[in-house]
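Biologist: I would like to go through the enclosed spaces and one acidic residue with you, and to hear the reasoning behind each label.

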Amino acid sequence: MEIPWLDRAAYPFGHHTLAVDGGQLHYVDEGGGEPILFVHGSSAWSFLYRNLIRELRADYRCVAPDHIGFGLSAKPAGWGYSFADHGRNLAALIDHLGLQRVTLVVHDVGGPIGLGYALDHPERVARLLILNTFCWPLRGAFALAPAPVAALLRGPVGRLLIARFNAELRALIPLVYGDRAKLTPAVYRQYLAPLARPADRHGLFAFAEQVFSGAGWCEGLWARRASLAGLPAAIVWGMRDPLFGRRFLARWREALPRAEAVTLPGAGHFVQEEEPTAVTRVLRRLLAAAPA
């Protein structure tokens with residue numbers, strides 16, 4: 001697969017695809033041994049986990065899909081793009097690869113997608129690593145924007161800003177880094193390029209809209225959260241994340257009381273970019289402490 005903009009030195013992985021609902025799903029599948037499944041969120045793709053995969057693939061099987069609408073996967077105009085739609089595709093990939101006893105790593109809206117699988121298939125998931133994410137409705141104390149702003153963003157104005165002007169990547173993403181120097185021009189290009197055209201951004205707007213309309217899906221997940229508390233888990237949290245702040249971390253600590261919780265004071269939302277060594281270290285500890 002020849003992709004002119006792709007930095008093969010930073011992302012030196014083989015390309016794999018699976019036909020799923022919505023088109024061809026691209027994924028990374030590197031290494032061997034116990035499987036680790038990396039689930040990305042909005043505006044990102046498997047590139048986000050490249051540093052972790054490079055460090056772990058000598059000892060573990062590292063699988064990282066690009067959701068439909070992101071990265072190197074198909075970007076159809078007429079697909080649903082709901083959390084449930086993405087969740088079904090994730091389940092199809094896990095079945096296709098025959099993954100068992102998965103260590104699930106979730107970030108951003110990858111939380112409600114990946115944790116939905118963990119709740120539906122507890123026998124297939126061995127451990128959890130939680131990275132600046134959620135799986136409850138984003139309203140009340142956890143609302144990401146005041147109600148009038150949220151209503152504006154869900155409508156034509158939001159679609160224009162995100163789908164036409166790429167406002168999420170061009171304006172929001174730099175703001176959620178704790179240290180913006182770590183979003184280098186070379187790295188930034190790898191996030192901008194897959195969503196370069198308005199026709200590529202259907203999934204981007206859909207994720208922004210799902211933050212509000214996916215509340216029912218998240219409510220169903222949160223009602224079943226007790227079963228997650230029985231899994232070996234760890235939490236790594238960027239404390240300078242303006243989106244998912246201290247209240248989110250406190251709620252995860254309450255939901256997963258036995259989990260190791262590591263806070264990164266200087267990191268923002270994308271801890272995989274800002275502190276990949278720290279995240280990898282915690283993940284290795286989790287894998288060693290709770291063998292399958």
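Biologist: How many cavities of 30 Å³ or more does a search of the whole structure find?

Modeller: In this predicted model, the search finds 2 cavities that reach 30 Å³ or more. The largest holds about 50 Å³ of space, and the second largest about 40 Å³.

Biologist: Which residues line the largest cavity, and which helix gives the most to that lining?

Modeller: The lining consists of Leu 25, Pro 65, Asp 66, His 67, Ile 68, His 86, Asn 89, Leu 90 and Leu 93, and helix H2, spanning residues 83-97, gives the most, with 4 residues. By class, this lining divides into 5 nonpolar, 3 polar and 1 charged; Asp counts as charged.

Biologist: What makes up the lining of the second largest cavity, by class?

Modeller: That lining has 7 nonpolar residues, 1 polar residue and no charged ones. The residues are Ser 43, Ala 44, Leu 169, Ile 173, Tyr 177, Leu 183, Tyr 191 and Phe 270, and Tyr counts as nonpolar under the classes used here.

Biologist: Turning to the acidic residue, why does Asp 29 count as buried?

Modeller: Asp 29 has a relative accessibility of 17%, and buried means under 20%, so Asp 29 counts as buried. Asp 29 lies in strand E2, residues 23-30.

Biologist: What makes the pairing of the Asp 29 and Arg 61 side chains a polar contact?

Modeller: The two side chains make the contact at 2.7 Å, and the cut-off for the N or O atoms is within 3.5 Å. Leaving aside neighbours within four places in sequence, Asp 29 is also in contact with residues including His 16, Cys 62, Val 63 and Leu 97.

Notes
Residues numbered from 1 in each chain as written. Predicted model: local features only at pLDDT ≥ 70, side-chain atom pairs only at ≥ 80, totals over all residues. Heavy atoms only, no water. 1 Å grid on protein atoms, 1.4 Å probe; cavity = no way out; pocket = protein on both sides within 12 Å on 5 of 7 lines; lining within 4 Å. Points joined across faces, edges and corners; volume = space filled by probe spheres on them. Helix = DSSP H or I, 4+ residues; strand = E, 2+ residues; numbered from the N terminus. Buried < 20%, exposed > 50% of the residue type's maximum accessible area, 1.4 Å probe, protein only. Polar contact = N/O pair within 3.5 Å; in protein donor to acceptor, adjacent residues only side chain to side chain. Contact = heavy atoms within 4.5 Å.
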